Amino acid sequence: MRIQTMLIAVLALFMAACSSTTTYQPAEKRGGYGYTETELGKDRYRVTFTGNTVTDKETVNDYALLRAAELTLQQGYDWFQLVNRDTESKSRTSSSISGVNDFGGGTAVYQRCGLLSCDTVVAQTPGRLSGGYATSTTRTSYQASLEIKMGKDPMPDAAEAYNAQELASTLRRWMGSNQP
């Protein structure tokens with residue numbers, strides 16, 4: 001009984017891990033889930049956040065902006081401006097058939113004899129399929145990529161310019177994050 005309880009607990013933890021959104025953290029490798037950044041110049045970076053199939057597009061975009069704000073502050077700058085922004089989606093569709101009944105079919109072996117000799121014949125006999133349901137599931141994951149230019153005060157009066165401290169604070173509050 002105790003082993004069965006432990007097995008159920010482990011299975012529940014595994015299922016919860018598989019169905020959760022991508023955590024805000026560095027990606028373990030390029031293309032992995034989480035954020036990466038690439039220095040493009042002294043005050044320019046490309047920030048990318050890749051989510052799993054449970055993480056919605058808005059969250060992926062917010063995480064990329066949060067990382068851009070944090071990186072700006074870490075580099076000693078006050079603001080950043082979006083030079084380029086792109087969000088890609090990747091979809092995978094899987095199909096399955098369930099509830100199919102197979103009647104008959106298989107392999108038939110028999111001998112065919114003539115006047116002088118016999119031959120062994122192996123033949124496949126067709127089966128019949130009945131019933132069944134076909135289902136398709138499409139899963140979509142998103143990746144947000146930002147190219148940013150960082151600067152110190154005064155901040156430009158542009159729609160795509162953000163005060164890094166204010167933006168990071170706002171996004172953390174929206175996400176309920178206790179990040180430093």
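What span should the 12 residues of helix H3 (residues 164-175) have at 1.5 Å a residue, and how far apart are its end C-alpha atoms? The model examined is predicted, with local features requiring pLDDT of at least 70 and side-chain atom pairs pLDDT 80 or more, while totals for chains, interfaces and linings use all residues. Residues are numbered from 1 along each chain, and side-chain values use heavy atoms, without hydrogens or water.

Helices (H or I, at least four residues) and strands (E, at least two) are DSSP runs numbered from the N terminus. The expected span of H3 is 16 Å, and its end C-alpha atoms lie 16 Å apart, in agreement; such a span is 1.5 Å times one less than the number of residues. Ala-164, Leu-167, Ala-168, Leu-171 and Arg-172 are the buried residues of H3. Down the helix axis they fall within an arc of 125 degrees, so they line one face of H3; the arc is taken from the directions from the axis to the C-beta atoms. The face turned away from this buried side carries the exposed residues Glu-166, Arg-173 and Trp-174. Buried means under 20% relative accessible area and exposed over 50%, with a 1.4 Å probe and protein chains only.

Strand pairing was also examined. Two strands pair if DSSP finds at least two bridges between them. Strand S6 (133-151) runs antiparallel to S3 (79-98), and 19 bridges join the two. Within this pair, Phe-80 has Met-150 of S6 as its bridge partner. S6 also runs antiparallel to S2 (residues 44-50), with seven bridges, and Arg-46 is partnered by Glu-147 of S6.
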